[in-house]
Amino acid sequence: MDLKESKELILEKLAYLKDKLPLKRIFFPCIGPSTPPRAINIPMLRINTVLSGSKLITLPLKSGVSAIQAKAGDMQCSIPNSWELQSWNTDHEFLCLVAKPDYLRIAYYMVKNGSVSGASHHTDRPYSESLRSAFQSMIALSREDD
């Protein structure tokens with residue numbers, strides 16, 4: 001898939017998320033106990049949204065380490081220095097937005113029969129202060145007890 005096709009696919013999936021997929025639950029992983037083997041450390045803000053299917057994931061939540069079955073419309077907002085342990089055993093699709101310092105990385109992943117495929121796109125310029133502020137608010141929400 002070339003860059004133009006990747007960008008078009010990402011834009012299509014973002015439009016689906018914006019216009020057709022109601023958000024259901026938001027999980028805010030925290031900086032949890034020691035990172036288990038095979039877990040991925042999250043170095044910067046990352047937002048995963050399940051578009052279809054069911055994604056099995058273990059996260060350090062304020063209530064303790066929990067295995068979650070995220071479904072379409074569920075979002076995971078991982079703060080820097082948190083971790084996640086993903087399973088690739090269930091069929092699902094998700095979008096992953098990573099707030100890099102000078103650009104956004106948006107990736108689409110499709111998991112089918114344990115095989116992962118996808119596409120990604122990087123913005124070509126820094127993102128706006130209002131979006132930076134929104135990301136900082138998401139990080140602050142993860143630290144609240146509400």
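How many bridges pair strand 7 and strand 8, and in which sense do they run? The legends below take that up first, and every view shows a predicted model.

**View 1. Strand 7 and its partner strand 8, residues 104-112.** These two strands pair in the antiparallel sense, over eight bridges. Together they make a hairpin, with four residues sitting between them. If you want one pair to look for, try Leu95, which stands opposite Tyr108 in strand 8.

**View 2. Strand 7 again, this time with strand 3 (residues 46-61).** Seven bridges hook strand 3 up to strand 7, and the two run antiparallel. Here the pair to pick out is Ser52, opposite Glu93 in strand 7. As for how covered strand 7 is, seven of its eight residues are buried.

**View 3. Ser87 in the loop between strand 6 (82-86) and strand 7 (92-99).** Is Ser87 buried or exposed? Ser87 comes out at 16% relative accessibility, and buried means under 20%, so Ser87 counts as buried. A polar atom of the Ser87 side chain lies 3.3 Å from the backbone nitrogen of Asn89. Setting aside neighbours within four places in sequence, Ser87 is in contact with Leu56 and His92.

**View 4. Strand 6, covered on both faces.** In a regular strand, side chains alternate between the two faces of the sheet. On one side of strand 6 you get Ser82, Glu84 and Gln86, on the other Trp83 and Leu85, and all of them are buried. That fits the count for the strand: five of its five residues are buried.

**View 5. The strands that pair with strand 6, among them strand 2 (residues 40-42).** Strand 2 and strand 6 run antiparallel and pair over three bridges. Within this pairing, Ser82 is the bridge partner of Ile42. Strand 3 joins strand 6 as well, through two bridges and also in the antiparallel sense. Look for Ile57 here, standing opposite Gln86 in strand 6.

**View 6. The largest cavity, about 60 Å³ in volume.** The structure holds one cavity of 30 Å³ or more. Its lining is made of Phe27, Asn48, Val50, Lys55, Ile57, Leu59, Ala70, Asp74, Met75 and Gln76. Strand 3 and strand 5 (75-78) are the elements giving two or more residues to that lining. Which of them gives the most? Strand 3 does, with five residues. By class, the cavity lining has six nonpolar, two polar and two charged residues.

**View 7. The largest pocket, with about 210 Å³ of space.** Around this pocket you'll find Lys7, Ile10, Leu11, Leu14, Ile106, His121, His122, Thr123, Asp124 and Arg125. Helix 1 (3-19) and strand 9 (115-122) each supply at least two residues of the lining. The largest share, four residues, comes from helix 1. Sorted by class, the pocket lining divides into four nonpolar, three polar and three charged residues.

Technical notes:
Residues are numbered from 1 along each chain as its sequence is written. This is a predicted model: local features need pLDDT of at least 70, side-chain atom pairs count only at pLDDT 80 or more; totals for chains, interfaces and linings use all residues. Side-chain values use heavy atoms; hydrogens and water are left out. Buried means under 20% relative accessible area, exposed over 50%, partly exposed in between (1.4 Å probe, protein chains only). A polar contact is a pair of N or O atoms within 3.5 Å; within protein, one must be able to donate a hydrogen and the other to accept it, and residues adjacent in sequence count only if both atoms are side-chain atoms. Contact means heavy atoms within 4.5 Å. Two strands pair if DSSP finds at least two bridges between them. On a 1 Å grid over the protein atoms alone, a cavity is a set of points where a 1.4 Å probe fits but cannot get out, and a pocket is an open set with protein on both sides within 12 Å along at least five of seven lines; lining residues have an atom within 4 Å of a point. Grid points are joined across faces, edges and corners, and a volume is the space filled by probe spheres set on the points. Ala, Val, Leu, Ile, Met, Phe, Trp, Tyr, Cys and Pro count as nonpolar, Asp, Glu, Lys and Arg as charged, and the others, Gly among them, as polar.
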